[in-house]
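The following exercises, each with a worked solution, are to be read alongside the model. Please consult the sequence and the coordinates before turning to each solution.

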Amino acid sequence: MVNRGKPELKPIERDEKNKDKTYFCVACGNPATQTAFFKVEGATIVERYCDKCAKTVG
């Protein structure tokens, strides 16, 4: 397993392109409110989390 370390969290922003799109938390399945960016071995992994689960990431 790869150590992902501390992610950079940003709130999910709605714009004209994704205003109707719903993202779900990868941990619990509730609607996501935060996007986590993990820098791993030259790549960026993007995962989305609800506020509750975002507190436990990293």
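**Sheet architecture**

Three strands form an open sheet in the order β1-β2-β3, with antiparallel pairing; two strands pair if DSSP finds at least two bridges between them. The model is predicted, with local features requiring pLDDT of at least 70 and side-chain atom pairs pLDDT 80 or more, while totals for chains, interfaces and linings use all residues. Residues are numbered from 1 along each chain as its sequence is written, and side-chain values use heavy atoms, with hydrogens and water left out.

**Exercise 1.** Determine which strands are the edge strands of the sheet, and how many bridges join β2 to β3.

*Solution.*
Step 1. List the elements. The protein has one helix and three strands, arranged β-β-β-α from the N terminus on. Helices (H or I, at least four residues) and strands (E, at least two) are DSSP runs, numbered from the N terminus.

Step 2. Identify the edges. β1 (8–11) and β3 (43–49) each pair on one side only, and are the edge strands. From one strand to the next the twist averages 25 degrees; axes are lines fitted to C-alpha atoms, for helices over the stretch in contact, and angles run from 0 to 180 degrees between N-to-C directions.

Step 3. Count the bridges. β1 and β2 run antiparallel and are joined by four bridges, whereas seven bridges join the antiparallel strands β2 and β3.

Step 4. Inspect the register. A36 of β2 is the bridge partner of L9, and A36 also stands opposite E47 in β3. K10 stands opposite T35 in β2.

Step 5. Examine the turn. The hairpin of β2 and β3 has two residues between the strands, and E41 takes a positive phi near 45 degrees there.

**Exercise 2.** Establish whether T35 is buried or exposed, and which residues it contacts.

*Solution.*
Step 1. Locate the residue: T35 lies in strand β2.

Step 2. Apply the accessibility criterion. Buried means under 20% relative accessible area, exposed over 50%, and partly exposed in between (1.4 Å probe, protein chains only). T35 has 8% relative accessibility and therefore counts as buried.

Step 3. Place this in the context of the strand. Five of the seven residues of β2 are buried, so β2 is largely enclosed by the rest of the structure. Of the 58 residues of the protein, 29% count as buried.

Step 4. List the contacts (heavy atoms within 4.5 Å). Leaving aside neighbours within four places in sequence, T35 touches E8, L9, K10, I12, V46, E47 and R48.

**Exercise 3.** Characterise K10 by its accessibility, its contacts and its salt bridge.

*Solution.*
Step 1. K10 lies in strand β1 and, at 41% relative accessibility, counts as partly exposed.

Step 2. Beyond neighbours within four places in sequence, K10 is in contact with T33, Q34, T35 and F37. The C-alpha atoms of K10 and A36 are separated by 6.6 Å, although these residues are 26 residues apart along the chain.

Step 3. Search for salt bridges, defined by a side-chain nitrogen of Lys or Arg within 4 Å of a carboxyl oxygen of Asp or Glu. The count comes to one salt bridge. The side chains of E8 and K10 meet in a salt bridge at 3.4 Å, N to O. E8 is partly exposed, with a relative accessible area of 39%. Side chains of opposite charge can pair when their charged atoms come close.

**Exercise 4.** Which residues make up the largest nonpolar core, and how many disulfides does the structure contain?

*Solution.*
Step 1. Define the core: a set of buried Ala, Val, Leu, Ile, Met, Phe, Trp, Tyr and Cys residues joined through side-chain atoms within 4.5 Å.

Step 2. Name the members. The largest nonpolar core has nine residues: C25, A36, F38, V40, Y49, C50, C53, A54 and V57. β2 (34–40) and α1 (51–54) each supply at least two residues of this core, and β2 gives the most, with three residues.

Step 3. Test the cysteines. With a disulfide taken as a pair of cysteine sulfur atoms within 2.5 Å, the search of the whole structure finds zero disulfides. For C25, the nearest cysteine sulfur is that of C28, 3.7 Å away. For C53, the nearest is that of C50, at 3.6 Å.

Step 4. Check burial. C25 counts as buried at 5% relative accessibility, and C53 is buried with a relative accessible area of 13%.
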